Amino acid sequence: MSSNFNRKIKILTDFKSKLEMFNLDKNEINKLNKKFPTIKIEFINLNKIKKEYDAEIYWGTRISDKILSKCPNLKWIHFGSVGVDKLSHKNLKNRKILISNSPGINSESVFNLAIFFLIDTTKKFLNKKNLINRLKYEKNFSECKDLDNQKIIVLGYGNIAKKLQKFSRLFNLNMNFLSSRKLKIKNIINKIKLTSSLKNYDTIINLLRFNEKNNNFLTKDLFDKMKKDVNLILIGRLKTINIKDLYNFLRINKKATCYLDALPDIYNEINFQKLRKLDNIFITPHIGGYFKNYWINQISIFENNLKLFIKNKKIKNLIYE
């Protein structure tokens, strides 16, 4: 092995969890240690962040500004997912820390969840009780909408939206996409057109990533323009939705249906507690990105970037430089 790999380096990670998908297997650590014999991987206890850590690299999904303040020597943060909104951009810029993520790593999985929810709009199984009682189910039959008769809008035009676009063409669905970019592509609309046409859509799929522009994107102003029996498939970043306004909309419009994939760390918030008590919402615990091959893909991405980092070369998938 090249002498370039002889530089000692410590890696801090939060990939030690009761959740199988976010638990870095000891065998995988041993494999990394064999390939990079001078690295040391140290797990961080997120509930006991007191001491300072001398790591150069943070690898995980749950880093915060509090953890960042305890890592004075940090040079590179690699997110095991796509979202990097847990850190203050100002702090990162001042410290000149490299930030990379894992683009597309869970696109297929989130796409599958979106399709799962979309298909449920045709039968409304997920948030109905007593499905064995056909007469009770019959009372809500009018809320079901066949896919080929729906008009659908997808908020965002990234990897997952493009997969939905292919799906819509395959099944000849009426699906449009919101994008802030000026793209010469059929079925792409901007926010101005979205605002004026929201009343026409049967199903709205939120895939928006979080940034300043998308913060609280879905608020009362937009909810009030939607159909009273709209299907809301919300699997984008939660910060793009005003939870209080969503609750008020669903509370008043009982024929509307909402599918929400939400991080458990919001479960104790007052507005979310109110929201989860409604009968017309189905909530999953942020499992959109779960898939069996996560670690195969994740370790490959991180290992390739680690080689570049040790050689002082430009790493891939940089977010901020």
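Begin by selecting Trp59, a residue that is buried, with a relative accessible area of 0%. The model on screen is a predicted one, and the tour below moves outward from this tryptophan to its strand, its ring partners and then other parts of the chain.

**The strand that carries Trp59**

Select residues 57-60, which make up strand E3, and look at the directions of the side chains: Ile57 and Trp59 point one way, Tyr58 and Gly60 point the other way, and all of them are buried. Next add residues 9-13, strand E1, which pairs with E3 in the parallel sense over three bridges; to find one of the matching positions, select Leu12, whose bridge partner in E3 is Tyr58. Then add residues 76-79, strand E4, which also pairs with E3 in the parallel sense, here over four bridges, and use Gly60 as the marker, since its bridge partner in E4 is Phe79.

**Aromatic rings**

With the strands still displayed, turn on the aromatic side chains, among which 18 aromatic pairs are counted. One of these is formed by Phe15 and Trp59, an edge-to-face pair with 5.5 Å from centre to centre and 80 degrees between the planes. This pair links distant parts of the chain, for Phe15 lies in the loop between E1 and helix H1 (26-35) whereas Trp59 lies in strand E3, 44 residues apart. Phe15 counts as buried, at 0% relative accessibility.

For another geometry, select Phe167 and Phe171, whose ring centres are 4.7 Å apart and whose planes meet at 40 degrees, so the pair is tilted. Are these two rings buried or exposed? Phe167 counts as buried at 14% relative accessibility, while Phe171 is partly exposed, with a relative accessible area of 48%.

Now return to Trp59 and widen the selection to Phe15, Phe22, Trp76, Tyr290, Phe291, Tyr294, Trp295, Phe302 and Phe309, which together with Trp59 form one aromatic cluster.

**Charges over rings**

Select Lys151 together with Tyr201, and you will find the charged end of the lysine over the tyrosine ring, 5.2 Å from the ring centre. A further example is Lys239 with Phe210, where the charged end of the lysine sits over the phenylalanine ring at 5.1 Å from its centre.

**Leu87 and its surroundings**

Move on to Leu87, which lies in the loop between E4 and helix H3 (89-95) and, although in a loop, counts as buried at 9% relative accessibility. Which residues is Leu87 in contact with, leaving aside its neighbours within four places in sequence? Select Ile63, Ser64, Asp65, Leu68, Ile77, Phe79 and Leu92 to display them; Phe79 in this group is the residue already met as the bridge partner of Gly60. If you then draw a distance from the C-alpha atom of Leu87 to that of Asp261, 174 residues apart along the chain, the separation is 21 Å.

**The cysteines**

Finish with Cys144 and Cys258. Why does the structure hold zero disulfides? A disulfide is a covalent bond between the sulfur atoms of two cysteines, and the cut-off used here asks for sulfur atoms within 2.5 Å. The sulfur of Cys144 is 16 Å from the closest cysteine sulfur, in Cys258, and is therefore too far away for a bond. Seen from the other end, the closest cysteine sulfur to that of Cys258 is in Cys144, again at 16 Å. Cys144 is buried, with a relative accessible area of 15%, and Cys258 counts as buried too, at 0% relative accessibility.

Methods. Residues numbered from 1 in each chain as written. Predicted model: local features only at pLDDT ≥ 70, side-chain atom pairs only at ≥ 80, totals over all residues. Heavy atoms only, no water. Buried < 20%, exposed > 50% of the residue type's maximum accessible area, 1.4 Å probe, protein only. Helix = DSSP H or I, 4+ residues; strand = E, 2+ residues; numbered from the N terminus. Pairing = 2+ DSSP bridges. Phe/Tyr/Trp six-rings, centres within 6.5 Å; stacked < 30°, edge-to-face > 60°. Lys NZ or Arg CZ within 6 Å of the ring centre and 35° of its normal. Contact = heavy atoms within 4.5 Å.
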